[in-house]
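Student: I have this one open on my screen and would like to go through it with you. Can we start with how the strands line up and then work inwards?

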Amino acid sequence: MITLQPVNEDNFLAVCALQAGEGQQGFVLPAPMILARAYAYREQRASAYAVCAAEGVVGVVLVEDMDDKPACYHIAELLIDEKHRRKGYAREAMRLLLCKLQKEGKYPRVELCVKKANSVAIRLYTSLGFADSGYNDPEAPDCLCMVRPL
């Protein structure tokens, strides 16, 4: 079982120590950069959550509010530490986050962008109800933009 905990002074160093696994570099930012992005985008109400399991902090997820049309939540990053991959933590973290966002109810949908080469992440997001939005971001032509209603 896992939980999502706001990143704070108690778990900050454990989050910073997270490492992307083999083959994941280039698909996800390093953990300290994820936290820096959360800070830099705080005016967009960016929130970083530590993904916690019995072993302690096993990952981090970053979500932002997007007020531009169409307004939505934007999942900017999901990192599960290399020692904890293939245990279902990414799927469970996403399920928990989607439930949290649905309960919050600020927006009717969630968007994310994933590198087209990251077939593992695309399969995960598709299995959770995300689909190709049809939008091609000219600033990220190597990414697939996906959307899911809440």
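Tutor: Let us start at one strand pairing, where R109 stands opposite P149 in strand 7. Please keep in mind that this is a predicted model.

Student: OK, so how do strand 5 and strand 7 pair, and over how many bridges?

Tutor: They pair in the antiparallel sense, and seven bridges join strand 5 and strand 7.

Student: And which way does strand 4 run with strand 5?

Tutor: Strand 4 and strand 5 run parallel and are joined by three bridges, with I75 standing opposite L112 in strand 5. Between these two strands the chain passes through helix 3, and the resulting β-α-β crossover is right-handed.

Student: Which side chains of strand 5 point to which face?

Tutor: The side chains alternate along strand 5, so that V110, L112 and V114 are buried and point to one face, whereas R109, E111, C113 and K115 point to the other and are not buried.

Student: Let's stay with L112. What does it touch away from its sequence neighbours?

Tutor: Leaving aside neighbours within four places in sequence, L112 is in contact with H74, I75, M94, Y125, F130, L144, C145 and M146. Its relative accessibility is 2%, and L112 therefore counts as buried.

Student: How far is L112 from L79, in sequence and in space?

Tutor: L112 and L79 are 33 residues apart in sequence, and their C-alpha atoms are 14 Å apart in space.

Student: Zooming out, which residues of the largest nonpolar core touch the most other members?

Tutor: That core has 30 residues, and the ones touching the most other members are I75, M94, L97, L112, V114, Y125 and F130. At least two core residues come from each of strand 2 (47-53), strand 3 (56-66), strand 4 (72-80), helix 3 (89-104), strand 5 (109-115), helix 4 (119-127) and strand 7 (143-149). Helix 3 gives the largest share, with six residues.

Student: And what is F130 in contact with?

Tutor: Not counting neighbours within four places in sequence, F130 is in contact with I75, M94, L98, V110, L112, Y125, M146, V147 and R148. There is also a second, separate core, which has 17 residues, among them I34, L35, C52 and V60.

Student: Switching to rings, how many aromatic pairs are there?

Tutor: The count comes to two aromatic pairs. In one of them, the ring centres of Y73 and Y107 are 4.9 Å apart and the planes are at 85 degrees, so the pair is edge-to-face. Since Y73 lies in strand 4 and Y107 in the loop between helix 3 and strand 5, this pair ties together parts that are 34 residues apart in sequence.

Student: Are Y73 and Y107 buried or exposed?

Tutor: Both Y73 and Y107 are buried. The rings of Y125 and F130 also form a pair, with centres 5.9 Å apart and planes at 65 degrees, so that pair is edge-to-face, and both Y125 and F130 are buried.

Student: Which arginines lie over the face of a tyrosine?

Tutor: R37 lies over the face of Y41, 5.1 Å from the ring centre, and R42 lies over the face of Y39, at 3.9 Å from the ring centre.

Student: Last one, where does N11 lie?

Tutor: N11 lies in the loop between strand 1 (3-6) and helix 1 (12-16). With 9% relative accessibility, N11 counts as buried, and beyond residues up to four places away in sequence N11 touches Q5, P6, A50 and V57.

Note on methods
Residues numbered from 1 in each chain as written. Predicted model: local features only at pLDDT ≥ 70, side-chain atom pairs only at ≥ 80, totals over all residues. Heavy atoms only, no water. Core = buried A, V, L, I, M, F, W, Y, C linked by side-chain atoms within 4.5 Å. Buried < 20%, exposed > 50% of the residue type's maximum accessible area, 1.4 Å probe, protein only. Helix = DSSP H or I, 4+ residues; strand = E, 2+ residues; numbered from the N terminus. Contact = heavy atoms within 4.5 Å. Phe/Tyr/Trp six-rings, centres within 6.5 Å; stacked < 30°, edge-to-face > 60°. Lys NZ or Arg CZ within 6 Å of the ring centre and 35° of its normal. Pairing = 2+ DSSP bridges. Right-handed = clockwise from strand over helix to strand, strands pointing away.
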